[in-house]
Amino acid sequence: MNRAKYDGVVACVPVTVPYVRHSIRGAHWFLARALRELIATAGLAKSDVDGLCVSSFSLAPDTAVGLTQHLGMSPRWLDHIPMGGASGIVALRRAARAVQAGDADVVACLAGDTNHVESFRLMLGNFSQFARDAVYPYGAGGPNASFAFLTAAYMRTYGATREDFGHLCVAQRQNALAFPHALMKKPLTLDAYLAARAVAAPIHLFDCVMPCAGAEAFLVMTADRAKRLGLPGVRILGTIERHNAFPEDPIQLRGGWAMDIDDLYAQAGVGPEDIDFLQTYDDYPVISLMQIEDLGFCAKGDGPAFVRRHTFTNDGSFPMNTSGGQLSVGQAGAAGGYLGLVEALRQLTGRPLGSTVPDARIGLVSGFGMINYDRGLCSGAVVLADTSSTTGSKPRAPDTGSTAAVRAGP
């Protein structure tokens with residue numbers, strides 16, 4: 001595949017609007033505050049931002065174009081990305097190409113949602129026609145039942161246990177304890193995880209994200225402009241995006257990453273052994289295991305064994321979801337699809353808000369979104385590097401498995 005590289009473009013200025021469990025403010029307020037923080041941090045005028053990407057579930061009845069009037073902006077390039085947990089990667093891909101083509105000079109990528117007491121329930125009731133037809137008639141509202149279905153299938157097929165999922169949740173909570181915006185402030189033990197009440201078997205309480213309100217954002221611009229502004233930037237080595245992958249699979253045990261992983265590493269000029277940290281989309285831990293496998297860190301079905309070999313903490317082996325991920329920070333709607341990307345920008349520019357991954361130079365961020373009854377439709381991934389690194393970072397001993405094994409699928 002002859003794909004143009006992302007040379008000359010950087011992502012910079014990671015911004016988080018602090019999360020709150022519930023808010024009386026609307027999504028517009030959270031998105032506007034994120035934009036304000038972006039331009040203030042970058043030393044720009046609002047008029048300098050001539051491109052805008054927006055992701056939000058609770059912005060309705062507005063879309064991105066309606067938001068421009070609320071924000072008092074006149075961008076010459078605009079995109080609305082309703083792809084949930086894949087939104088951050090899709091926004092980065094499109095914004096980078098717009099800057100490369102000269103269609104925009106500075107693109108603000110914004111994702112945010114509010115969370116009223118009833119807003120999450122009402123949003124789920126209109127999430128998709130598949131959910132209306134296959135979930136709600138049976139008294140199961142929202143994603144818990146769907147992910148219970150996926151989790152049970154994964155456990156039967158590959159021998160994963162609740163302890164395996166709990167190991168990820170406990171590690172992410174440890175990472176989150178140093179992250180100031182995490183809503184989960186108490187340590188989590190494996191015993192507490194296992195003893196938590198069932199929500200939709202085999203899903204228990206700590207397998208589920210907490211809906212909340214907040215926003216995440218970043219800027220995309222040329223490397224030269226970022227340098228002139230004194231903004232630390234992060235290079236884009238390679239990206240992939242796939243929708244409705246493997247539609248013939250009766251239930252999802254793999255995602256679109258398995259289709260495109262060789263392309264991702266070929267673009268980036270690195271392999272799984274070169275990645276210093278991984279940020280997975282983690283609304284439930286089973287999907288993190290799928291990403292670990294499908295991104296080539298182990299063979300398909302070896303995810304449980306891989307989990308048992310690593311700590312996943314920032315100071316241990318295979319740092320993952322280094323701010324705590326959604327399972328400990330919270331899920332601010334569509335901003336959940338930006339959380340790992342914004343955290344990766346901080347780690348790679350040496351400015352994390354929480355604990356640091358030592359000597360991190362190359363990171364991989366994975367996205368997953370728009371769950372219907374039996375699968376998520378959107379997937380994507382991006383390999384990012386600090387501006388001082390070259391492709392082929394310091395070697396790390398590869399784990400078992402190969403991209404060929406991953407691509408084979410279930």
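Reader: How far does helix α6 reach from its first C-alpha to its last?
Author: First, this is a predicted model, where local features need pLDDT of at least 70, side-chain atom pairs count only at pLDDT 80 or more, and totals for chains, interfaces and linings use all residues. Residues are numbered from 1 along each chain as its sequence is written, and side-chain values use heavy atoms, with hydrogens and water left out. Helices (H or I, at least four residues) and strands (E, at least two) are DSSP runs, numbered from the N terminus, and a helix's expected span is 1.5 Å times one less than its number of residues. With 16 residues (143–158), α6 is expected to span 22 Å, and its reach is close to that, at 22 Å.

Reader: Which residue just after α6 takes a positive phi?
Author: Helix α6 runs over residues 143–158. Just after α6, a positive phi of about 75° belongs to Gly159.

Reader: How many of the 15 residues of α7 are buried?
Author: Buried means under 20% relative accessible area, exposed over 50% and partly exposed in between (1.4 Å probe, protein chains only). Phe165, Leu168 and Cys169 are among the buried ones, and the cover includes α6 and α11 (contact: heavy atoms within 4.5 Å). So α7 is mostly covered, and its buried count is eleven.

Reader: Which strands are at the edges of the open sheet, pairing on one side only?
Author: Strands pair if DSSP finds at least two bridges between them. The nine-strand order is β3-β2-β4-β7-β1-β8-β11-β10-β9, with mixed pairing. That leaves as edge strands β3 and β9.
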